[in-house]
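Let's take a walk through a protein model and see how its parts fit together. Have the sequence and the 3D view open while you read.

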Amino acid sequence: MSAHFEELGWRQTPMGVISLRRRFDPTVRADVYEVKLDDEFLMSSLFTVAEKELARLGLARTPGTDLDVLVGGLGLGYTAREALADPRVRSLTVVEYSDAVIDWHQRDLLPDTTGLAADDRVVMVSADFFAAAGAAGFDPEHPGRIFHAILLDIDHSPRHVLDQAHAAFYTGDGLRAASAHLTPGGTFALWSDDPPDDEFCAVLGTVFADVEAREVSFDNPFTRGRSANTVYLATRP
């Protein structure tokens with residue numbers, strides 16, 4: 001492998017080949033870590049502001065202490081790491097579809113999130129988040145366990161899903177099933193690559209209270225301008 005490019009890991013999954021690579025980017029003059037599903041880019045260490053804000057904004061509106069937090073989608077680990085920065089977080093359960101992604105973190109292949117898997121507050125579960133949301137729950141050892149916050153970052157957006165089987169989650173019935181895994185007053189927060197979607201906010205409003213779509217902007221070194229993602233926030237009544 002070139003010093004400017006290295007494939008760190010890959011594995012076949014039912015949705016395609018998921019891979020992790022490191023490349024030196026001349027624009028930012030730094031190593032960039034990227035996750036791809038087949039030829040589709042899922043995430044990059046260059047763009048992590050909104051992933052961190054998903055945790056920060058979600059937990060900022062979550063009341064209480066000794067919080068049990070669920071992260072749906074591990075990825076490069078920025079949402080999970082940011083959640084652990086909140087001193088109120090007692091436990092963090094991360095549900096990740098691909099055991100390959102969990103393995104990357106267990107081997108500390110990602111410099112920015114080294115040590116995440118070893119944190120004694122963290123439990124990483126290899127499972128389908130969407131299937132678990134409609135069933136017994138996200139903690140195999142404690143069926144029916146509920147959480148103070150659910151922070152979800154798996155699909156590109158409610159309209160642009162990685163697998164059509166995920167689409168049912170973003171309906172009233174799907175969100176209602178997910179809300180059953182939250183404590184009353186708990187927070188549901190969702191990352192999206194698309195601009196705020198009024199129709200999806202209306203669907204959220206049929207299940208949750210205090211629905212908000214927060215646009216999160218950040219510098220884009222490639223366009224030399226600003227880009228934005230969306231974080232949806234909602235509270236279980």
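Let's jump straight in at the largest pocket: its lining residues divide into seven nonpolar, five polar and four charged. Keep in mind that you're looking at a predicted model.

**The largest pocket**

How much space lies in the largest pocket? About 380 Å³. It takes 16 residues to line this pocket, and the ones nearest its centre are L42, M43, S44, F47 and D193. Three strands, β4, β10 and β11 (225-235), each supply at least two residues of that lining. Strand β4 has the largest share, with four residues.

**Two domains**

To place the pocket, it helps to know how the chain is divided. There is a domain 1, covering 5-43, and a domain 2, covering 47-236. Their centres, taken over C-alpha atoms, are separated by 21 Å. The two domains also touch: 19 residues of domain 1 are in contact with 20 residues of domain 2. Back at the largest pocket, each of the two domains gives at least three residues to the lining.

**The largest cavity**

Now for the enclosed space. How many cavities of 30 Å³ or more does a search of the whole structure find? Just one. About 470 Å³ of space lies in the largest cavity. There are 33 residues lining it, and M43, G75, E96, D153 and I154 are the closest to its centre. If you spotted M43 in that list, you've met it before, since M43 is also among the residues nearest the centre of the largest pocket.

Which elements give two or more residues to the lining of the largest cavity? They are β3, β4, α2 (78-84) and α4 (129-133). Strand β4 provides the largest share here, three residues. By class, the cavity lining has 18 nonpolar, 10 polar and five charged residues.

Why does the largest cavity lie between the domains? Domain 1 and domain 2 both give residues to its lining, so that is where it sits.

Here are the two spaces side by side:

| Space | Volume | Lining residues | Share from β4 |
|---|---|---|---|
| Largest pocket | about 380 Å³ | 16 residues | four residues |
| Largest cavity | about 470 Å³ | 33 residues | three residues |

**The four-stranded sheet**

Strand β4 keeps turning up, so let's look at the sheet it belongs to. Four strands make an open sheet in the order β1-β2-β3-β4, with antiparallel pairing. Because β1 (5-13) and β4 (40-44) stand at the edges and each has a single partner strand, one side of each is left without a neighbour in the sheet. On average, neighbouring strands here are turned by 25° against each other, direction ignored.

Zoom in on the pairing of β3 and β4. Strand β3 (residues 30-37) is joined to β4 by four bridges, and the two run antiparallel. Within β4, F41 is the residue that K36 stands opposite. A helix comes in too: α3 (residues 99-106) packs on the sheet and touches β1, β2 (16-25) and β3. The direction of α3 makes about 35° with that of β2.

**The seven-stranded sheet**

There's another open sheet, built from seven strands in the order β7-β6-β5-β8-β9-β11-β10, and its pairing is mixed. Which strands are at its edges? They are β7 (122-126) and β10 (209-220), each pairing on one side only. Neighbouring strands of this sheet are turned by 20° against each other on average, again ignoring direction.

For a parallel pair, look at strand β5 (residues 67-72) and strand β6 (residues 89-96), which pair over six bridges. Here D68 stands opposite S91 in β6.

Helix α3 shows up here as well. It lies across β6 and β7, running at about 150° to β7. Try following α3 in the 3D view: it packs on the four-stranded sheet and also lies across two strands, β6 and β7.

Terms used. Residues are numbered from 1 along each chain as its sequence is written. This is a predicted model: local features need pLDDT of at least 70, side-chain atom pairs count only at pLDDT 80 or more; totals for chains, interfaces and linings use all residues. Side-chain values use heavy atoms; hydrogens and water are left out. Two strands pair if DSSP finds at least two bridges between them. Axes are lines fitted to C-alpha atoms, for helices over the stretch in contact, and angles run from 0 to 180 degrees between N-to-C directions. Contact means heavy atoms within 4.5 Å. On a 1 Å grid over the protein atoms alone, a cavity is a set of points where a 1.4 Å probe fits but cannot get out, and a pocket is an open set with protein on both sides within 12 Å along at least five of seven lines; lining residues have an atom within 4 Å of a point. Grid points are joined across faces, edges and corners, and a volume is the space filled by probe spheres set on the points. Ala, Val, Leu, Ile, Met, Phe, Trp, Tyr, Cys and Pro count as nonpolar, Asp, Glu, Lys and Arg as charged, and the others, Gly among them, as polar. Domain bounds come from an automatic or database domain assignment.
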